[in-house]
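Subject: Structure handover

Hello,

Here is the structure I promised to pass on. Please open it and keep it beside this email as you read.

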Amino acid sequence: MYDYDLLVVGSANADLVIGVEQRPAAGETVLGGDLAVHPGGKGANQAVAAARLGAGTALLARVGDDGHGRLLLDSLRAAGVDTVGVLVGGAPTGVALITVDPSGDNSIVVSPGANSRLLPADVRAAASLFHASRVVSAQLEIPSETVVEVVRSLAPGSRFVLNPSPPRELPAEVLAACDPLIVNEHEARVILGDACVSEEPADWARLLLAKGPRSVVVTLGAEGALVADGSGVTRVPSVKVDAVDTTGAGDAFTAALAWRLGAGADPADAAAYAARVGAVAVTRRGAQESYPTAAEVEALCCALPGDGPRTPGRESEAAPGTDERGDAV
(Lines give C-alpha, C1' and ligand atoms only; values in the text may rest on other atoms or scores of the structure.)
Protein backbone atom coordinates (compact mmCIF):
# COMPACT_ATOMS: atom_id res chain seq x y z
CA MET A 1 0.00 0.00 0.00
CA TYR A 2 1.42 3.38 -1.01
CA ASP A 3 1.02 6.52 1.11
CA TYR A 4 1.68 8.78 -1.90
CA ASP A 5 0.52 8.66 -5.51
CA LEU A 6 3.51 10.80 -6.49
CA LEU A 7 6.83 11.80 -4.97
CA VAL A 8 8.46 14.71 -6.81
CA VAL A 9 12.19 15.21 -6.39
CA GLY A 10 13.34 18.52 -7.80
CA SER A 11 13.65 22.26 -7.68
CA ALA A 12 11.74 24.94 -5.83
CA ASN A 13 12.18 28.53 -7.03
CA ALA A 14 10.69 31.94 -6.59
CA ASP A 15 9.55 33.10 -10.04
CA LEU A 16 10.19 36.80 -10.62
CA VAL A 17 7.97 37.66 -13.58
CA ILE A 18 7.83 40.79 -15.74
CA GLY A 19 5.46 41.29 -18.67
CA VAL A 20 7.10 42.91 -21.72
CA GLU A 21 5.93 44.03 -25.15
CA GLN A 22 8.85 42.09 -26.63
CA ARG A 23 11.57 40.00 -25.04
CA PRO A 24 14.97 41.76 -25.23
CA ALA A 25 17.58 40.78 -27.80
CA ALA A 26 21.30 40.76 -26.97
CA GLY A 27 22.37 44.19 -25.73
CA GLU A 28 18.80 45.50 -25.76
CA THR A 29 16.96 47.12 -22.84
CA VAL A 30 13.16 47.05 -22.75
CA LEU A 31 10.64 48.43 -20.29
CA GLY A 32 8.25 45.99 -18.63
CA GLY A 33 5.31 45.96 -16.30
CA ASP A 34 5.33 45.59 -12.52
CA LEU A 35 7.39 42.78 -11.02
CA ALA A 36 5.33 39.85 -9.73
CA VAL A 37 6.76 37.17 -7.44
CA HIS A 38 5.24 33.69 -7.68
CA PRO A 39 6.14 30.28 -6.23
CA GLY A 40 7.71 28.10 -8.93
CA GLY A 41 10.52 25.71 -9.83
CA LYS A 42 9.87 22.57 -11.84
CA GLY A 43 9.79 20.29 -8.81
CA ALA A 44 7.48 22.45 -6.71
CA ASN A 45 5.32 23.12 -9.77
CA GLN A 46 4.82 19.43 -10.46
CA ALA A 47 3.99 18.73 -6.82
CA VAL A 48 1.39 21.49 -6.67
CA ALA A 49 -0.13 20.51 -10.02
CA ALA A 50 -0.55 16.89 -8.93
CA ALA A 51 -1.97 17.81 -5.54
CA ARG A 52 -4.50 20.18 -7.12
CA LEU A 53 -5.72 17.29 -9.26
CA GLY A 54 -6.26 15.19 -6.14
CA ALA A 55 -3.08 13.10 -6.08
CA GLY A 56 -1.49 12.29 -2.74
CA THR A 57 1.80 14.13 -3.28
CA ALA A 58 5.09 14.69 -1.46
CA LEU A 59 8.06 16.84 -2.48
CA LEU A 60 11.76 16.29 -1.80
CA ALA A 61 13.51 19.63 -2.39
CA ARG A 62 15.61 22.31 -0.69
CA VAL A 63 14.79 25.98 -0.12
CA GLY A 64 16.58 28.78 1.68
CA ASP A 65 15.74 30.08 5.13
CA ASP A 66 14.34 33.27 3.64
CA GLY A 67 11.17 34.95 2.45
CA HIS A 68 11.15 33.14 -0.88
CA GLY A 69 11.47 29.82 0.91
CA ARG A 70 8.53 30.62 3.15
CA LEU A 71 6.49 31.66 0.11
CA LEU A 72 7.15 28.26 -1.46
CA LEU A 73 6.33 26.30 1.67
CA ASP A 74 3.06 28.21 2.10
CA SER A 75 2.06 27.53 -1.52
CA LEU A 76 2.90 23.83 -1.28
CA ARG A 77 0.94 23.35 1.92
CA ALA A 78 -2.03 25.32 0.63
CA ALA A 79 -2.21 22.97 -2.36
CA GLY A 80 -2.11 19.91 -0.10
CA VAL A 81 1.49 18.81 -0.79
CA ASP A 82 3.23 16.96 2.05
CA THR A 83 6.35 19.05 2.74
CA VAL A 84 8.04 16.63 5.14
CA GLY A 85 10.79 16.21 2.52
CA VAL A 86 11.41 19.92 1.92
CA LEU A 87 14.76 20.80 3.48
CA VAL A 88 15.51 24.35 4.61
CA GLY A 89 18.88 26.15 4.58
CA GLY A 90 22.30 25.80 3.01
CA ALA A 91 21.85 28.58 0.43
CA PRO A 92 19.29 31.19 -0.63
CA THR A 93 16.15 29.92 -2.32
CA GLY A 94 16.51 29.46 -6.07
CA VAL A 95 15.17 32.24 -8.29
CA ALA A 96 13.85 32.23 -11.87
CA LEU A 97 13.87 35.53 -13.79
CA ILE A 98 11.03 35.37 -16.34
CA THR A 99 9.93 37.74 -19.09
CA VAL A 100 6.55 37.10 -20.70
CA ASP A 101 5.47 38.69 -24.00
CA PRO A 102 1.87 39.42 -25.09
CA SER A 103 1.59 36.06 -26.90
CA GLY A 104 2.27 34.24 -23.63
CA ASP A 105 5.75 33.00 -24.64
CA ASN A 106 8.53 33.43 -22.11
CA SER A 107 12.29 33.57 -21.60
CA ILE A 108 13.76 32.30 -18.35
CA VAL A 109 17.07 32.51 -16.48
CA VAL A 110 17.41 30.38 -13.34
CA SER A 111 19.72 30.94 -10.37
CA PRO A 112 19.64 27.50 -8.71
CA GLY A 113 20.52 28.60 -5.17
CA ALA A 114 19.45 25.95 -2.66
CA ASN A 115 18.45 23.59 -5.47
CA SER A 116 22.12 22.94 -6.19
CA ARG A 117 22.52 21.81 -2.57
CA LEU A 118 19.97 19.00 -2.86
CA LEU A 119 22.52 16.19 -2.69
CA PRO A 120 22.57 12.38 -2.99
CA ALA A 121 22.84 12.14 0.79
CA ASP A 122 19.50 13.96 1.06
CA VAL A 123 17.94 11.36 -1.24
CA ARG A 124 19.33 8.48 0.81
CA ALA A 125 18.02 10.09 4.00
CA ALA A 126 14.52 10.18 2.46
CA ALA A 127 14.35 6.43 1.79
CA SER A 128 11.00 6.14 3.58
CA LEU A 129 9.43 8.57 1.11
CA PHE A 130 10.58 6.49 -1.85
CA HIS A 131 9.20 3.28 -0.38
CA ALA A 132 5.87 5.01 0.27
CA SER A 133 5.44 6.37 -3.30
CA ARG A 134 3.80 4.73 -6.31
CA VAL A 135 5.47 7.08 -8.84
CA VAL A 136 8.62 9.21 -8.54
CA SER A 137 9.12 12.21 -10.84
CA ALA A 138 12.29 14.24 -11.37
CA GLN A 139 13.72 17.01 -13.56
CA LEU A 140 17.21 18.42 -14.13
CA GLU A 141 17.17 21.65 -12.12
CA ILE A 142 18.99 19.71 -9.38
CA PRO A 143 22.48 18.13 -9.57
CA SER A 144 22.94 15.20 -11.97
CA GLU A 145 24.37 12.99 -9.24
CA THR A 146 21.21 13.56 -7.21
CA VAL A 147 19.04 12.34 -10.09
CA VAL A 148 21.21 9.23 -10.35
CA GLU A 149 20.69 8.60 -6.65
CA VAL A 150 16.93 8.99 -7.12
CA VAL A 151 17.00 6.16 -9.65
CA ARG A 152 19.04 3.99 -7.29
CA SER A 153 16.57 4.70 -4.46
CA LEU A 154 13.41 3.64 -6.31
CA ALA A 155 11.33 1.07 -4.46
CA PRO A 156 10.54 -2.21 -6.23
CA GLY A 157 7.42 -1.79 -8.36
CA SER A 158 7.48 2.01 -8.40
CA ARG A 159 7.57 4.03 -11.61
CA PHE A 160 10.10 6.73 -12.57
CA VAL A 161 9.15 9.72 -14.73
CA LEU A 162 11.76 12.20 -15.96
CA ASN A 163 11.44 15.52 -17.74
CA PRO A 164 15.08 16.30 -18.64
CA SER A 165 14.81 20.08 -18.39
CA PRO A 166 17.12 21.89 -18.78
CA PRO A 167 18.39 19.16 -21.13
CA ARG A 168 21.80 17.56 -20.89
CA GLU A 169 23.36 14.18 -21.56
CA LEU A 170 21.84 11.48 -19.39
CA PRO A 171 23.60 8.44 -17.93
CA ALA A 172 22.44 5.07 -19.26
CA GLU A 173 21.36 4.15 -15.73
CA VAL A 174 18.91 7.05 -15.63
CA LEU A 175 17.61 6.51 -19.16
CA ALA A 176 16.92 2.83 -18.45
CA ALA A 177 14.70 3.75 -15.49
CA CYS A 178 12.50 6.28 -17.34
CA ASP A 179 8.89 5.23 -17.87
CA PRO A 180 8.39 7.63 -19.53
CA LEU A 181 11.09 10.08 -20.56
CA ILE A 182 9.14 13.27 -21.39
CA VAL A 183 10.78 15.71 -23.84
CA ASN A 184 9.84 18.59 -26.09
CA GLU A 185 11.53 19.17 -29.46
CA HIS A 186 14.45 21.12 -28.00
CA GLU A 187 15.11 18.54 -25.30
CA ALA A 188 14.84 15.66 -27.77
CA ARG A 189 17.45 17.24 -30.07
CA VAL A 190 19.89 17.89 -27.21
CA ILE A 191 19.63 14.37 -25.81
CA LEU A 192 19.87 12.72 -29.22
CA GLY A 193 22.80 14.90 -30.30
CA ASP A 194 24.45 13.47 -33.40
CA ALA A 195 21.91 10.66 -33.41
CA CYS A 196 19.18 13.17 -34.35
CA VAL A 197 19.39 12.34 -38.06
CA SER A 198 15.72 12.92 -38.87
CA GLU A 199 13.28 15.83 -38.86
CA GLU A 200 10.37 13.49 -38.12
CA PRO A 201 9.22 13.54 -34.47
CA ALA A 202 8.15 9.90 -34.67
CA ASP A 203 11.75 9.05 -35.54
CA TRP A 204 12.94 11.07 -32.52
CA ALA A 205 10.64 9.02 -30.34
CA ARG A 206 12.01 5.75 -31.73
CA LEU A 207 15.62 6.93 -31.46
CA LEU A 208 15.10 8.03 -27.87
CA LEU A 209 13.43 4.71 -27.06
CA ALA A 210 16.48 2.92 -28.46
CA LYS A 211 18.62 4.73 -25.88
CA GLY A 212 17.01 2.69 -23.12
CA PRO A 213 13.85 4.28 -21.66
CA ARG A 214 10.88 1.96 -21.18
CA SER A 215 8.67 4.59 -22.81
CA VAL A 216 8.98 8.08 -24.31
CA VAL A 217 6.61 11.04 -24.66
CA VAL A 218 7.55 13.72 -27.19
CA THR A 219 5.48 16.90 -26.91
CA LEU A 220 4.99 18.91 -30.09
CA GLY A 221 3.13 22.09 -29.22
CA ALA A 222 0.25 22.65 -31.63
CA GLU A 223 0.87 19.22 -33.14
CA GLY A 224 0.06 17.44 -29.88
CA ALA A 225 2.31 14.70 -28.52
CA LEU A 226 3.70 11.28 -29.37
CA VAL A 227 3.72 8.33 -26.97
CA ALA A 228 6.25 5.61 -27.79
CA ASP A 229 6.88 2.23 -26.19
CA GLY A 230 7.57 -1.32 -27.29
CA SER A 231 4.18 -1.53 -29.01
CA GLY A 232 4.80 1.44 -31.34
CA VAL A 233 4.19 5.19 -31.57
CA THR A 234 0.80 6.78 -30.85
CA ARG A 235 -0.14 10.40 -31.60
CA VAL A 236 -2.14 12.36 -29.05
CA PRO A 237 -3.94 15.48 -30.39
CA SER A 238 -3.33 18.93 -28.96
CA VAL A 239 -5.88 21.04 -27.13
CA LYS A 240 -6.45 24.44 -28.76
CA VAL A 241 -6.55 27.38 -26.37
CA ASP A 242 -6.02 31.12 -26.25
CA ALA A 243 -2.72 31.11 -24.33
CA VAL A 244 -2.00 33.86 -21.83
CA ASP A 245 1.18 32.56 -20.15
CA THR A 246 2.97 29.27 -20.84
CA THR A 247 5.10 29.45 -17.67
CA GLY A 248 4.93 26.14 -15.81
CA ALA A 249 2.37 24.48 -18.07
CA GLY A 250 4.75 21.69 -19.03
CA ASP A 251 5.20 20.88 -15.37
CA ALA A 252 1.42 20.53 -15.07
CA PHE A 253 1.48 18.20 -18.09
CA THR A 254 4.21 16.04 -16.55
CA ALA A 255 2.53 15.87 -13.15
CA ALA A 256 -0.82 14.92 -14.61
CA LEU A 257 0.75 12.28 -16.85
CA ALA A 258 2.71 10.76 -13.96
CA TRP A 259 -0.35 10.65 -11.71
CA ARG A 260 -2.61 9.06 -14.33
CA LEU A 261 0.01 6.46 -15.26
CA GLY A 262 0.38 5.55 -11.61
CA ALA A 263 -3.37 5.14 -11.39
CA GLY A 264 -3.21 2.56 -14.19
CA ALA A 265 -4.22 4.66 -17.20
CA ASP A 266 -3.13 3.68 -20.69
CA PRO A 267 -0.16 5.90 -21.73
CA ALA A 268 -2.04 7.55 -24.59
CA ASP A 269 -5.07 8.23 -22.38
CA ALA A 270 -2.82 9.59 -19.65
CA ALA A 271 -1.11 11.91 -22.16
CA ALA A 272 -4.48 13.12 -23.48
CA TYR A 273 -5.58 13.96 -19.94
CA ALA A 274 -2.27 15.70 -19.28
CA ALA A 275 -2.75 17.80 -22.43
CA ARG A 276 -6.10 19.01 -21.09
CA VAL A 277 -4.47 19.95 -17.77
CA GLY A 278 -1.77 21.88 -19.62
CA ALA A 279 -4.43 23.57 -21.74
CA VAL A 280 -6.17 25.01 -18.72
CA ALA A 281 -2.84 26.15 -17.24
CA VAL A 282 -1.75 28.25 -20.23
CA THR A 283 -4.99 30.25 -20.15
CA ARG A 284 -4.01 31.70 -16.76
CA ARG A 285 -1.06 33.78 -15.60
CA GLY A 286 1.71 32.41 -13.42
CA ALA A 287 2.80 28.86 -12.78
CA GLN A 288 1.37 27.24 -9.66
CA GLU A 289 -1.62 29.57 -9.43
CA SER A 290 -2.61 28.55 -12.97
CA TYR A 291 -3.00 24.84 -12.19
CA PRO A 292 -6.51 23.42 -12.37
CA THR A 293 -8.41 21.07 -10.12
CA ALA A 294 -9.76 17.80 -11.54
CA ALA A 295 -13.21 19.41 -11.66
CA GLU A 296 -11.91 22.27 -13.80
CA VAL A 297 -10.30 19.81 -16.22
CA GLU A 298 -13.58 17.91 -16.45
CA ALA A 299 -15.43 21.18 -17.11
CA LEU A 300 -13.08 21.86 -20.05
CA CYS A 301 -13.95 18.48 -21.55
CA CYS A 302 -17.68 18.98 -21.10
CA ALA A 303 -17.55 22.46 -22.65
CA LEU A 304 -15.86 21.29 -25.86
CA PRO A 305 -17.97 18.98 -27.99
CA GLY A 306 -16.77 17.80 -31.37
CA ASP A 307 -13.77 15.90 -32.68
CA GLY A 308 -11.51 16.79 -29.77
CA PRO A 309 -11.34 18.89 -26.63
CA ARG A 310 -11.03 22.54 -27.74
CA THR A 311 -11.50 25.91 -26.13
CA PRO A 312 -12.98 28.94 -27.87
CA GLY A 313 -10.43 31.43 -29.16
CA ARG A 314 -7.73 31.64 -31.75
CA GLU A 315 -6.25 28.43 -33.11
CA SER A 316 -2.61 29.47 -33.10
CA GLU A 317 -1.95 28.48 -29.49
CA ALA A 318 -2.16 24.96 -28.13
CA ALA A 319 -1.31 22.81 -25.16
CA PRO A 320 0.93 20.90 -24.91
CA GLY A 321 2.52 24.29 -25.60
CA THR A 322 5.57 25.78 -27.19
CA ASP A 323 8.04 26.87 -24.51
CA GLU A 324 11.70 26.04 -25.32
CA ARG A 325 12.38 25.48 -21.62
CA GLY A 326 9.73 22.81 -21.55
CA ASP A 327 7.43 24.75 -19.25
CA ALA A 328 4.60 24.36 -21.74
CA VAL A 329 5.51 21.22 -23.53
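**The aromatic pair**

Trp259 counts as buried, at 14% relative accessibility. The model is predicted, so please read every value below as computed from that prediction. Tyr273 is buried too, with a relative accessible area of 13%. How many aromatic pairs does the structure hold? There is 1. Trp259 and Tyr273 form it, edge-to-face. Their rings lie 6.3 Å apart, centre to centre, with 65° between the planes. Trp259 belongs to helix 9 and Tyr273 to helix 10, so the pair ties together parts that are 14 residues apart in sequence.

**The nonpolar cores**

The largest nonpolar core has 54 residues. Leu59, Leu76, Val81 and Leu257 have the most contacts inside this core. Several elements give two or more residues to the core, including strand 1 (4-9), helix 1 (42-53), strand 4 (57-63) and helix 2 (67-79). Further along the chain, strand 12 (225-229), helix 9 (249-262), helix 10 (267-282) and helix 11 (294-303) are also among them. Which helix gives the most? Helix 10 does, with 11 residues.

Look at Leu257 next. Leave aside its neighbours within four places in sequence. Leu257 is then in contact with Pro180, Ile182, Val217, Pro267, Ala270, Ala271 and Ala274.

Another core lies apart from the largest one. This other core has 41 residues, among them Val136, Leu192, Cys196 and Ala205.

**The cysteines**

How many disulfides are there? The count comes to 0. In general, a disulfide is a covalent bond between the sulfur atoms of two cysteines. Now take Cys178. Its closest cysteine sulfur is in Cys196, 18 Å away, and that is too far for a bond. The cut-off used here is 2.5 Å between the sulfur atoms. The same 18 Å separates the sulfur of Cys196 from its closest cysteine sulfur, in Cys178. Cys178 is buried, with a relative accessible area of 0%. Cys196 is buried as well, at 17%.

**Strand 6 and its partners**

Strand 6 covers residues 94-100. Is this strand largely enclosed or largely open? 6 of its 7 residues are buried, so strand 6 is largely enclosed by the rest of the structure.

Strand 6 pairs with strand 2 (residues 13-19) through 7 bridges, and the two run parallel. In this pairing Val17 stands opposite Ile98. Strand 6 also pairs with strand 7 (residues 106-111), through 6 bridges. Here the strands run antiparallel. Ile98 appears again, now opposite Ile108 in strand 7.

Strand 6 and strand 7 form a hairpin with 5 residues between the strands. Gly104 in this hairpin takes a positive phi near 95°.

**The salt bridges**

Side chains of opposite charge can pair when their charged atoms come close. The count of salt bridges comes to 11. Here are some of them.

- Asp122 and Arg62 meet in a salt bridge, at 3.4 Å from N to O. Asp122 is in helix 3 (residues 120-125) and Arg62 in strand 4, so the pair ties together parts that are 60 residues apart in sequence. Both Asp122 and Arg62 are buried.
- Arg70 forms a salt bridge with Asp65, with 3.8 Å between the closest N and O atoms. Arg70 is partly exposed, with a relative accessible area of 48%. Asp65 is exposed, at 64%.
- Arg284 forms a salt bridge with Glu296, with 3.2 Å between the closest N and O atoms. Arg284 sits in the loop between helix 10 and helix 11, and Glu296 in helix 11, so the pair ties together parts that are 12 residues apart in sequence. Arg284 is partly exposed, with a relative accessible area of 27%. Glu296 also counts as partly exposed, at 32%.

Which residues do salt bridges that share partners join into one network? They are Glu185, Arg189 and Glu199.

Best wishes

Definitions and conventions. Residues are numbered from 1 along each chain as its sequence is written. This is a predicted model: local features need pLDDT of at least 70, side-chain atom pairs count only at pLDDT 80 or more; totals for chains, interfaces and linings use all residues. Side-chain values use heavy atoms; hydrogens and water are left out. Buried means under 20% relative accessible area, exposed over 50%, partly exposed in between (1.4 Å probe, protein chains only). A nonpolar core is a set of buried Ala, Val, Leu, Ile, Met, Phe, Trp, Tyr and Cys residues joined through side-chain atoms within 4.5 Å. Helices (H or I, at least four residues) and strands (E, at least two) are DSSP runs, numbered from the N terminus. Contact means heavy atoms within 4.5 Å. Two strands pair if DSSP finds at least two bridges between them. A salt bridge is a side-chain nitrogen of Lys or Arg within 4 Å of a carboxyl oxygen of Asp or Glu. Rings of Phe, Tyr and Trp (its six-membered ring) pair if their centres lie within 6.5 Å; planes under 30 degrees apart count as stacked, over 60 as edge-to-face and the rest as tilted.
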